[in-house]
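Subject: Structure handover

Dear colleague,

I am passing on the structure we spoke about, and I would be glad if you could look through it with the notes below at hand.

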Amino acid sequence: MSEQLSNQQLLAAAQQFGTPLYVYHAEKITEQYQKLVNAFAKSDVKIFYACKALTNISILKHVKSLGSNVDCSSINEAKLALHAGFSPDRVLYTSNGIAFEEIEEAQSLGIHINIDSLSNLEKFGKKFGHSYPVGIRLRPNILAGGNFKISTGHDKSKFGIPVDQLDKVITLVNEYNIHIQGLHIHTGSEIKDVDVFVQGIEVLFDIIPHFNELKFIDLGGGFKVPYKHGDAETDIPLLAQKVKEAFEAHPVARNLQIWFEPGKFLVSDCGYLIAQVNVLKETSATTFAGINTGFNHLIRPMFYDAYHRIQNLSNPDGQEKKYSIVGNICETDTFAWDRKLHEIREGDYLVFYNAGAYGFEMSSNFNSRFKPAEVLIKESNMHLIRKRDTFEDLLKNQVEIA
Ligand code: LLP
């Protein structure tokens with residue numbers, strides 16, 4: 001049965017902790033994780049939660065308790081993961097465009113590293129030779145993902161070492177005797193077509209013979225989750241079946257581990273952003289409902305044209321009418337235009353669904369507004385897992401001169 005928080009639970013959290021408020025549901029994360037584990041049960045698969053989606057320590061601890069590993073995109077994420085109690089061998093740092101010092105730091109922490117440039121691979125080889133196994137992130141030149149901003153594997157993408165430069169990789173690996181333990185790709189986010197993963201596998205399989213110390217093939221994240229009713233999602237059981245068939249048919253790959261790095265799939269649906277309506281404004285164009293949050297708290301609609309379902313929590317039976325839901329940021333800040341919602345009154349509580357992934361994590365203090373508080377509901381208990389900012393937080397790192 002699908003885990004979902006009830007309107008009453010969401011309202012209770014909003015009333016207790018105030019709005020705007022992020023609420024997460026631990027059992028939903030568990031359910032999503034189990035879907036992956038069950039689907040891939042017959043393959044040697046390791047899941048690394050892409051924690052860039054949501055790094056709250058209590059979420060990391062919950063993900064850890066499920067048995068998942070964690071994928072990081074900065075040294076600080078890696079340190080948060082270690083702080084949450086992940087042992088270094090359960091932490092992966094898939095780097096992109098970073099200073100070599102961060103790779104040195106990652107090495108000193110003993111975590112797995114995927115290197116994504118020839119330049120850092122060379123520095124790594126010079127310094128560590130064969131002593132520290134690493135993965136390499138390759139760019140397979142595959143266009144995939146929900147929109148161009150979140151596509152990362154195509155032939156104009158900054159990510160990874162282009163596969164057409166494989167000869168240069170091999171030269172460096174031979175010159176410095178680098179211990180390559182894995183091949184990595186991540187082609188984008190919101191990939192619903194399972195065949196994209198199969199294409200990626202084919203690209204990597206062609207490369208396998210050049211490396212003889214491989215332990216894993218890392219296929220990245222990017223599973224699509226439904227944002228709207230009727231939206232398609234990645235068919236995980238089908239993906240698992242195709243991946244299994246491909247790996248079993250390959251003489252070397254059949255003995256390799258398969259790594260995945262899902263972010264959205266694990267935490268998108270577990271998260272809710274609750275806001276309250278400050279003002280209603282009737283105009284000739286539309287009826288605006290101005291709420292007490294903005295793109296400073298949930299940037300996805302403005303940044304990616306992303307659709308988030310919205311519901312009026314406090315008047316769920318009101319007559320339906322069209323509203324444009326706008327934020328309180330001092331620039332255009334539209335969450336939804338002419339969206340049919342149950343009658344909205346000033347003070348009503350609205351909820352945005354699928355706010356767990358890249359919601360709080362991409363929030364800011366723009367307009368000097370406070371970042372929201374975060375609450376985790378676990379076994380029906382509400383836990384405050386991050387306090388709302390205070391005015392002192394806005395001043396904290398400022399150095400005032402006379
Ligand atoms: N692995 C790597 C190397 C990645 O770059 C990403 C996401 C993931 C895994 C996880 O992808 P996911 O399973 O969450 O799709 N902020 C955008 C999404 C950007 C994703 C960046 N990389 C959004 O809100 O749609």
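What follows describes the ligand and its surroundings, and then two points in the backbone.

Please keep in mind throughout that this is a predicted model.

The ligand is a good place to begin, and it sits in the largest pocket. Domain 1, which spans 40–262, and domain 2, which spans 269–395, both give residues to the shell around the ligand, so the ligand lies between these two domains. There are 18 residues around the ligand, and those that come nearest are Ser189, Glu261, Lys264, Arg300 and Tyr358. Sorted by class, this shell is made up of 6 nonpolar, 6 polar and 6 charged residues.

Several polar atoms of the protein can be picked out beside the ligand. An N or O atom in the side chain of Arg300 is 2.6 Å from an oxygen atom of the ligand, while at Gly263 a polar atom of the backbone is 2.8 Å from an oxygen atom of the ligand. A nitrogen atom of the ligand, in turn, has a polar side-chain atom of Tyr304 at 2.7 Å. The ligand taken alone would expose 580 Å², and the protein buries 92% of that area.

Two places in the backbone also deserve a careful look. Most residues other than glycine have a negative phi, and most peptide bonds are trans. Tyr358, however, has a positive phi of about 60° although it is not a glycine; this residue, which is among those nearest to the ligand, lies in the loop that runs between strand 16 (349–352) and strand 17 (373–378). The peptide bond from Thr19 to Pro20 is cis, with an omega near -10°, and Pro20 is placed in the loop between helix 1 (7–17) and strand 1 (21–25).

With kind regards

How values were computed. Residues are numbered from 1 along each chain as its sequence is written. This is a predicted model: local features need pLDDT of at least 70, side-chain atom pairs count only at pLDDT 80 or more; totals for chains, interfaces and linings use all residues. Side-chain values use heavy atoms; hydrogens and water are left out. A residue is near a molecule or strand if one of its heavy atoms lies within 4 Å of it. A polar contact is a pair of N or O atoms within 3.5 Å; within protein, one must be able to donate a hydrogen and the other to accept it, and residues adjacent in sequence count only if both atoms are side-chain atoms. Accessible areas come from the Shrake-Rupley method with a 1.4 Å probe; for residues, only the protein chains shown count as cover. On a 1 Å grid over the protein atoms alone, a cavity is a set of points where a 1.4 Å probe fits but cannot get out, and a pocket is an open set with protein on both sides within 12 Å along at least five of seven lines; lining residues have an atom within 4 Å of a point. A molecule sits in a cavity or pocket if more than half of its atoms lie within 2 Å of its grid points. Ala, Val, Leu, Ile, Met, Phe, Trp, Tyr, Cys and Pro count as nonpolar, Asp, Glu, Lys and Arg as charged, and the others, Gly among them, as polar. Domain bounds come from an automatic or database domain assignment. Helices (H or I, at least four residues) and strands (E, at least two) are DSSP runs, numbered from the N terminus.
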